[in-house]
Amino acid sequence: MELGVWMNTSNLTLRREFRFAMNFWTRVLDMAWYERNDPACSIQVVEGSSSLFVSEAIAARSQLIDKDPFSGCIAFNPKCRMTELDFYLTAIHEVRHVNARGPETAFSPRCCA
Ligand SMILES: [Zn+2]
């Protein structure tokens, strides 16, 4: 499996930590990824609008089926205060939502859809 990822955010910390998270998954799954900054991507990383989040404590959402027919969107909450580690762990978690639909076995940061 090879995934194209659109880092559609100006948040440089988010971009960097999301790359680290994708690299994490390449060590766990039989997958590769590359940056593909256009709508033909498999995963799009954005900073979501406040309407996506019921609370500032929610870090991110994915699988926004009710908001966006593109199921590879991962929206981070710009109002949620996050450390670099928060971004990294949340990205790992949300990528799992996009790549697998089974029960969650990984750690669960503040999230989600
Ligand atoms: Zn989750």
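**View 1. Helix 2 lies across three strands of this predicted model.** Helix 2 covers residues 84-99. The strands it crosses are strand 3 (43-47), strand 4 and strand 5 (73-76). Helix 2 runs at about 15° to strand 4. Axes here are lines fitted to C-alpha atoms, for helices over the stretch in contact, and angles run from 0 to 180 degrees between N-to-C directions. Contact means that the C-beta atoms of two residues, placed from the backbone, lie within 7 Å. This is a predicted model: local features need pLDDT of at least 70, side-chain atom pairs count only at pLDDT 80 or more, and totals for chains, interfaces and linings use all residues. Residues are numbered from 1 along each chain as its sequence is written.

**View 2. Five strands form an open sheet.** Their order is 2-1-3-5-4, and the pairing is mixed. Strand 2 (32-35) and strand 4 (60-62) stand at the edges with a single partner strand each, so one side of each has no neighbour in the sheet. From one strand to the next, the twist averages 20°. Two strands pair if DSSP finds at least two bridges between them.

**View 3. Strand 1 meets strand 2.** Strand 1 spans residues 2-7. Four bridges join it to strand 2, and the two run parallel. Glu2 stands opposite Ala32 in strand 2.

**View 4. The chain follows the pattern β-α-β-β-β-β-α.** It holds two helices and five strands. Both are DSSP runs numbered from the N terminus: helices are H or I with at least four residues, strands are E with at least two. Residues 24 or more positions apart account for 68% of the contacts with a separation of 6 or more.
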